[in-house]
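This report goes through one structure, part by part. Please keep the sequence and the 3D view at hand while reading.

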Amino acid sequence: MSHSEDKLLYLLYSKTRVNPIYYFMLLFSLSAQAGPVRGNGATDPSTYEAITGESADEEKAAWDSFYRSRESGFKNQPVGFLRDHLTMIPKGRAFIPAMGIGQNAIYLAKKGFLVEGVDISEVAIDTAHEAAKKQGVSIKASASDLDQFKYPTDRFDLIVVSQFYRDSLIPKFKAALKKGAYILFYEKRDTGKPQKQVSPDDFLVKSSDLKAALKDLDIRIFQEYRDHGTEVIGVLARKP
Ligand SMILES: C[S@@+](CC[C@H](N)C(=O)[O-])C[C@H]1O[C@@H](n2cnc3c(N)ncnc32)[C@H](O)[C@@H]1O
């Protein structure tokens, strides 16, 4: 992807907060027109993977490209929902899946948590490590696909999931929490109405689905609100 396409992805993401994989797909499908077609008329499977985002390699490449084109200072603040409710959460070992460039991880490290993070993008992980070093804190972060990741059990006092959602991972997150530990979600809400997406967004969550996925936890806060024009859900729950 060219530098100008990278830049466009960044601009679109910063305006709409839509997962850049879909802009990547849009650029891809526009440049490929109908996409590579085989002799028998079937769409090439690799094109299908790029369009659905189902290949981890494609997903990693799209996010690496997105973070490479990121301008300094982009999203370096922790999410407000985490800041607002931190006093309810005892300090301990925190896990940040899909940590991005580490704004929540660094914030927690500054507040005295021992922080471990994972993201599929090596560029994001390197950026997070650099930022943590510059700010004088230490985080332990690694590049990995969360679908393939080997989750520990009973390890964390807090898990923070921000703008990343996969139903299939919720049981793994729960198992990784210690008894009495907290999990916090900050997610874009699927309102059921059309939003500014160019295609369905992996990371949109319906409130009812999130509630159902967490029904065996003790939900301390469940808030639906608008954050800078985006419908979001903030949840703080505790493993009984
Ligand atoms: C919308 S960003 C959110 C980043 C960060 N949590 C935040 O709130 O700013 C989604 C993140 O998920 C990561 N991601 C996407 N698919 C992933 C996967 N399969 N495994 C691990 N990380 C993934 C991306 O690299 C990206 O950093």
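In what follows, Ala, Val, Leu, Ile, Met, Phe, Trp, Tyr, Cys and Pro count as nonpolar, Asp, Glu, Lys and Arg as charged, and the others, Gly among them, as polar.

## Ligand shell

The model is a predicted one. By the classes above, the residues of the shell around the ligand comprise 9 nonpolar, 5 polar and 5 charged. The ligand has 19 residues around it, and those that come nearest are Trp63, Ala98, Gly100, Ile120 and Ser162. Two elements, α4 and β2 (114–119), give two or more residues to this shell.

## The chain as a whole

The protein chain has 240 residues, of which 35% count as buried. Its secondary structure consists of 9 helices and 8 strands. Among contacts in the protein chain with a separation of 6 or more, 61% are between residues 24 or more positions apart.

## Helices α4 and α7

Helix α4 covers residues 56–68 and helix α7 covers residues 122–134; their axes come within 7 Å and cross at roughly 40°. An angle under 35 degrees would count as roughly parallel, and one from 65 to 115 as roughly perpendicular. The two helices α4 and α7 are therefore oblique to each other.

Which residues meet where α4 and α7 are in contact? On the α4 side they are Trp63, Asp64, Tyr67 and Arg68, and on the α7 side Glu122, Val123, Ala124 and Thr127. The residues of this contact divide into 4 nonpolar, 1 polar and 3 charged. Trp63 thus appears in two places: it takes part in the contact of α4 with α7, and it is among the residues that come nearest to the ligand.

## Strand β4 and its partners

Is strand β4 mostly covered or mostly open? Strand β4 spans residues 156–162, and 6 of its 7 residues are buried, so that the strand is mostly covered.

Strand β4 pairs with β1 and with β5. Strand β1 (residues 93–97) runs parallel to β4 and is joined to it by 2 bridges. With strand β5 (residues 177–189), β4 pairs in the parallel sense over 6 bridges. Leu158 of β4 is the bridge partner of Ala94, and the bridge partner of Leu158 in β5 is Tyr182.

## Two residues with positive phi

Most residues other than glycine have a negative phi. Ala98 is not a glycine, yet its phi is positive, at about 55°. Ala98 sits in the loop between β1 and α6 (103–110). A residue is buried if 20 or more other C-beta atoms lie within 10 Å of its own; Ala98 has 21 such neighbours and therefore counts as buried. Ala98 is also one of the residues that come nearest to the ligand.

Asp154, likewise not a glycine, has a positive phi of about 50°. Its place is in the loop between β3 (140–143) and β4. Asp154 has 11 other C-beta atoms within 10 Å and is therefore exposed.

## Arg155

Arg155 lies in the loop between β3 and β4. With 16 other C-beta atoms within 10 Å, Arg155 is partly exposed. Which residues is Arg155 in contact with, leaving aside its neighbours within four places in sequence? They are Arg93, Ala176 and Lys178. Arg155 and Ala94 are 61 residues apart along the chain, while their C-alpha atoms are separated by 8.8 Å.

Methods
Residues are numbered from 1 along each chain as its sequence is written. This is a predicted model: local features need pLDDT of at least 70, side-chain atom pairs count only at pLDDT 80 or more; totals for chains, interfaces and linings use all residues. Axes are lines fitted to C-alpha atoms, for helices over the stretch in contact, and angles run from 0 to 180 degrees between N-to-C directions. Helices (H or I, at least four residues) and strands (E, at least two) are DSSP runs, numbered from the N terminus. Angles under 35 degrees count as roughly parallel, over 145 as roughly antiparallel, 65 to 115 as roughly perpendicular and the rest as oblique. Two residues are in contact if their C-beta atoms, placed from the backbone, lie within 7 Å. A residue is near a molecule or strand if its C-beta atom, placed from the backbone, lies within 6 Å of it. A residue is buried if 20 or more other C-beta atoms lie within 10 Å of its own, exposed if 12 or fewer, and partly exposed in between; C-beta atoms are placed from the backbone. Two strands pair if DSSP finds at least two bridges between them.
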